[in-house]
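Reader: I am new to this structure and would like a guided tour. Could you take me through it one question at a time?

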Amino acid sequence: MSLDNLRDLYQQVILERYKKPRNRGLTDPIHHQQKGHNPSCGDTIELTLKMDQAGDRIEEVKFEGEGCAISMASVDLMADALKGKTEAEALEMVEEFQSMMRGETEFPKELRKLNVMQGVAQFPVRIKCANLGWHTLKAAFELASDAQPADDFVSNESQ
Ligand code: ZN
């Protein structure tokens, strides 16, 4: 497959996800909740997570929000990929995603859908859009124990 075809395929997946997201909404109940904002593009999301009964694994991830196709598709793909992961595994995936966007690594075969976002890495202003969901996920776990008001947005502007 030529590079151009591959790029078209990536765009197709992104647009499809944008138009028909699979993980829109709020989880019930909500165990983790975090809002995220990408000021450079205007994307905003609200991420909610439901953990399993033991509280160890992510059972469901949902999002609300408005933004460009890349930010929305990225968070929707992320939500799929996080099902069944522990907090530690999820945080490791945040690192992997950010390293992939720097062109340093790829996701393993079972998570290869996430590699779609690699096509975005060649447009530096769009990287923040692709990172927004992951950045917000990290904050959802890390801020969970703090007395952080739930309506505070984390911004990825400092990335
Ligand atoms: Zn954006």
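**A walk through the model**

Reader: Which residue just after α3 takes a positive phi?

Author: Helices here are DSSP runs of H or I with at least four residues, and strands are E runs of at least two, both numbered from the N terminus. Most residues other than glycine have a negative phi. Just after α3, a positive phi of about 80° is taken by Gly103.

Reader: Before we go on, what kind of model is this?

Author: Residues are numbered from 1 along each chain as its sequence is written, and side-chain values use heavy atoms, with hydrogens and water left out. Local features need pLDDT of at least 70, side-chain atom pairs count only at pLDDT 80 or more, and totals for chains, interfaces and linings use all residues, since the model is predicted.

Reader: How far apart are the end C-alpha atoms of α3?

Author: The expected span of a helix is 1.5 Å times one less than its number of residues. For the 15 residues of α3, that rule gives 21 Å. The model agrees, because the end C-alpha atoms are apart by 21 Å.

Reader: Which elements do the buried residues of α3 pack against?

Author: Buried means under 20% relative accessible area, exposed means over 50%, and partly exposed lies in between (1.4 Å probe, protein chains only). The buried residues of α3 include Ala90, Met93, Val94 and Phe97. An α-helix has 3.6 residues a turn, so residues three or four places apart point the same way. With contact meaning heavy atoms within 4.5 Å, the buried residues of α3 pack against β3, α2 (69-82) and α4.

Reader: How many aromatic pairs does the structure hold?

Author: Rings of Phe, Tyr and Trp (its six-membered ring) pair if their centres lie within 6.5 Å; planes under 30 degrees apart count as stacked, over 60 as edge-to-face and the rest as tilted. By that rule, the number of aromatic pairs is three.

Reader: Are the rings of Phe97 and Phe107 stacked or tilted?

Author: Phe97 lies in helix α3 (residues 87-101) and Phe107 in the loop between α3 and α4 (124-142), so the pair ties together parts that are ten residues apart in sequence. Both Phe97 and Phe107 are buried. Their ring centres are 6.4 Å apart and their planes are at 45°, so the pair is tilted.

Reader: And are the rings of Phe97 and Trp134 stacked or tilted?

Author: Phe97 sits in helix α3 and Trp134 in helix α4, so this pair ties together parts 37 residues apart in sequence. Trp134 counts as buried because its relative accessibility is 0%. With centres 4.9 Å apart and planes at 15°, the pair is therefore stacked.

Reader: In what order do the strands of the sheet stand?

Author: Two strands pair if DSSP finds at least two bridges between them. Four strands form an open sheet, and the pairing is mixed. The strands β3 and β4 (153-155) each have a single partner strand, so one side of each is left without a neighbour in the sheet. The order is β3-β2-β1-β4.

Reader: How many bridges join β1 to β2?

Author: Strand β1 (residues 32-38) and β2 run antiparallel. They form a hairpin with four residues between them, and Gly42 in the turn has a positive phi of about 95°. One bridge matches Gly36 with Ile45 in β2. The number of bridges joining β1 to β2 is seven.

Reader: Which residue in β3 stands opposite Thr48?

Author: Strand β2 (residues 43-51) is mostly covered, with eight of its nine residues buried. β2 pairs with strand β3 (residues 58-66) in the antiparallel sense over eight bridges. Opposite Thr48 in β3 stands Lys62.

Reader: Which residue in β4 stands opposite His37?

Author: β1 and β4 pair in the parallel sense, over three bridges. Opposite His37 in β4 is Ser155.

Reader: At what distances is the zinc ion coordinated?

Author: Donors are N, O and S atoms within 2.8 Å of the metal (3.2 Å for Na, K and Ca); water is not among the atoms, so sites may look incomplete. In sequence, the donor residues of the zinc ion are spaced C-x1-D-x24-C-x60-C. Cys41 (SG), Asp43 (OD), Asp43 (OD), Cys68 (SG) and Cys129 (SG) coordinate the zinc ion at 2.2 to 2.7 Å.

Reader: Is Asp43 buried or exposed?

Author: Cys41, another of the zinc donors, is partly exposed, with a relative accessible area of 31%. At 1% relative accessibility, Asp43 counts as buried.

Reader: Which residue does the cis peptide bond from Asp28 lead to?

Author: Most peptide bonds are trans. This one is cis, with omega near 0°. It leads into the loop between α1 (3-19) and β1, and the residue is Pro29.
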